[in-house]
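Please look over the sequence and the model below before reading on, and keep both at hand while following the text.

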Amino acid sequence: MFVDSRTSRFPTNFLWGAATSAHQVEGNNHNDWTEWEKLGLVKSREQSGRACGHYERFREDFALAKELGHNAHRFSIEWSRIEPRPGRFDLAAIDHYRQVLVELHRLGLEPLVTLWHFTNPIWIRNQGGWTNRRTIDDFGRYVQAIVDQLGHLITHWVTLNEPTVYTSHGYISAYWPPQKKNYLSAWQAIRNLVTAHRLAYQIIHRRWPAAKVGVANNLNDFAAARPGHLLDQGLRAWADFWHNRWWLNQTYDTQDFLGINYYFHHPLRWRWVGPTKLFAPQTPPAAPQSDLGWEIYPTGLGLVLESVRPYQLPIIISENGVADADDHLRAAFIRDHVAQVDHAIRHGLDVRGYCYWSLLDNFEWREGFTPRFGLVEVDYHTLKRTIRPSAHAYRQLIVQHSRSRSSSSSPTA
Ligand code: FCB
């Protein structure tokens, strides 16, 4: 893969890195998801357990990220560790994340800090989770604690990860906790998440006016399976509105940057099955797919980027990745998606970062340990880390886009 560094339009301080989330890598968490995992509903009845042992091994993992040319790293703080009981903050847990942040800065990795990545303390679950309005104020109190204790170490904040995915998987398709299939609950949850995001935005900015606050918005590229077909077109518009547009319209004025998590291209085809199932995603049989059967469609990232142009906000790709155990797809996957970012920048979009999902193999919410998303392979028996060849390819790409740049935060060849 060749990039002409003389014509590279990536800004000198472009953030290159990878993302993780606490529950998926840390190990030994105790939250609503670990409780749910005990019901045996994860594939092969797996439980997150010690996961990657990242809570203890974060220094080793960040050293690998550094070695791989990254200059940024996205991770999440686990609310259930910080506030295991209402209003009772665990100072040792806060200190842990202080060490995490100090280590990232020491290595020259810009932290992007997610405050909520799907998991809730058990006491939040017990009071009805996100359907209870009280959870908004509780979240605000937790955010205030992080702002006060760790805010001096954080510039880039991600308040929430994929609130629309959480709501639809938890309350509509209902195969994620809290598994409450109920449209009213879904509506309450998403409304409360909007308010919680806005509250967090204000709390962060009140104390740190220069902070950059965003959301990791999951944006899909929806298409009409039969382009000229009116019903397919209508479905496309409907799905785009409810999955992509509604949330952004509610929150864009409190996002200093738009985080974009891009995974899915869905061609939609009208098919009357029943009142709640009006369509079926239609993946062409010959399309390249990941180990999870997700179609690989880099063009969709370009379309998603173009679709957010009207918001006129800086953009960070907060997640984009592929499950690929034998690593035969990943290098091209990253190259082709970064090419879409390059194209977007050349056409005037202000894209400022790209975080590959994920730095490490990790525990996937319902699929368990089988999907392998990592730039770094994890042996779950020994916890040994092994860098995959595609991670070196990504490093080369970063170097090529950064070459002849003098910025101190640029990776070196
Ligand atoms: C995203 C999630 C992330 C990970 C990837 C594969 O939707 O934000 O935690 O599970 O999918």
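The paragraphs that follow move from the ligand to the enclosed cavities and end with one helix.

The model is a predicted one, and the ligand is a convenient place to enter it. The residues around the ligand are Gln24, His117, Asn161, Glu162, Asn261, Tyr263, Glu319, Trp357, Glu364, Trp365 and Phe373. Sorted by type, this shell holds 4 nonpolar, 4 polar and 3 charged residues. Within the shell, the side chain of Glu162 places an N or O atom 2.6 Å from an oxygen atom of the ligand, while Glu364 has a polar side-chain atom 2.8 Å from a ligand oxygen. Trp365 also takes part, with a polar side-chain atom 3.0 Å from an oxygen atom of the ligand. How much of the ligand does the protein bury? The ligand taken alone exposes 300 Å², and the protein buries 95% of that area.

From the ligand, turn to the enclosed spaces, of which a search of the whole structure finds 3 with a volume of 30 Å³ or more. The largest cavity contains about 80 Å³ of space, and 13 residues line it, with Tyr263, Glu295, Ile296, Gly321 and Phe333 lying nearest its centre. Tyr263 was met above as one of the residues around the ligand, and it is also part of the lining of the largest cavity. That lining is made up of 8 nonpolar, 4 polar and 1 charged residues.

The second largest cavity contains about 60 Å³ of space. Its lining is formed by Thr20, Ala22, Val25, Glu26, His54, Phe58, Phe75, Ser76, His96, Tyr97 and Val100. Two or more of these residues are given by each of helix 1 (22–25), helix 3 (54–67), strand 2 (72–76) and helix 5 (91–107). Which element gives the largest share of the lining? That element is helix 5, with 3 residues. By type, the lining of the second largest cavity divides into 6 nonpolar, 4 polar and 1 charged residues.

The last stop is helix 9, where the length can be checked by simple reasoning. Helix 9 covers residues 183–207, and because each residue should add 1.5 Å, its 25 residues are expected to span 36 Å; the C-alpha atoms at its ends are 37 Å apart, which agrees with that expectation. At the N-terminal end of helix 9, Asn182 acts as a cap, with a side-chain oxygen 2.8 Å from the backbone nitrogen of Leu184.

Notes
Residues numbered from 1 in each chain as written. Predicted model: local features only at pLDDT ≥ 70, side-chain atom pairs only at ≥ 80, totals over all residues. Heavy atoms only, no water. 1 Å grid on protein atoms, 1.4 Å probe; cavity = no way out; pocket = protein on both sides within 12 Å on 5 of 7 lines; lining within 4 Å. Points joined across faces, edges and corners; volume = space filled by probe spheres on them. Nonpolar A, V, L, I, M, F, W, Y, C, P; charged D, E, K, R; others polar. Helix = DSSP H or I, 4+ residues; strand = E, 2+ residues; numbered from the N terminus. Near = heavy atom within 4 Å. Polar contact = N/O pair within 3.5 Å; in protein donor to acceptor, adjacent residues only side chain to side chain. Areas by Shrake-Rupley, 256 points an atom, 1.4 Å probe, with all protein chains shown as cover. Expected span 1.5 Å × (residues − 1).
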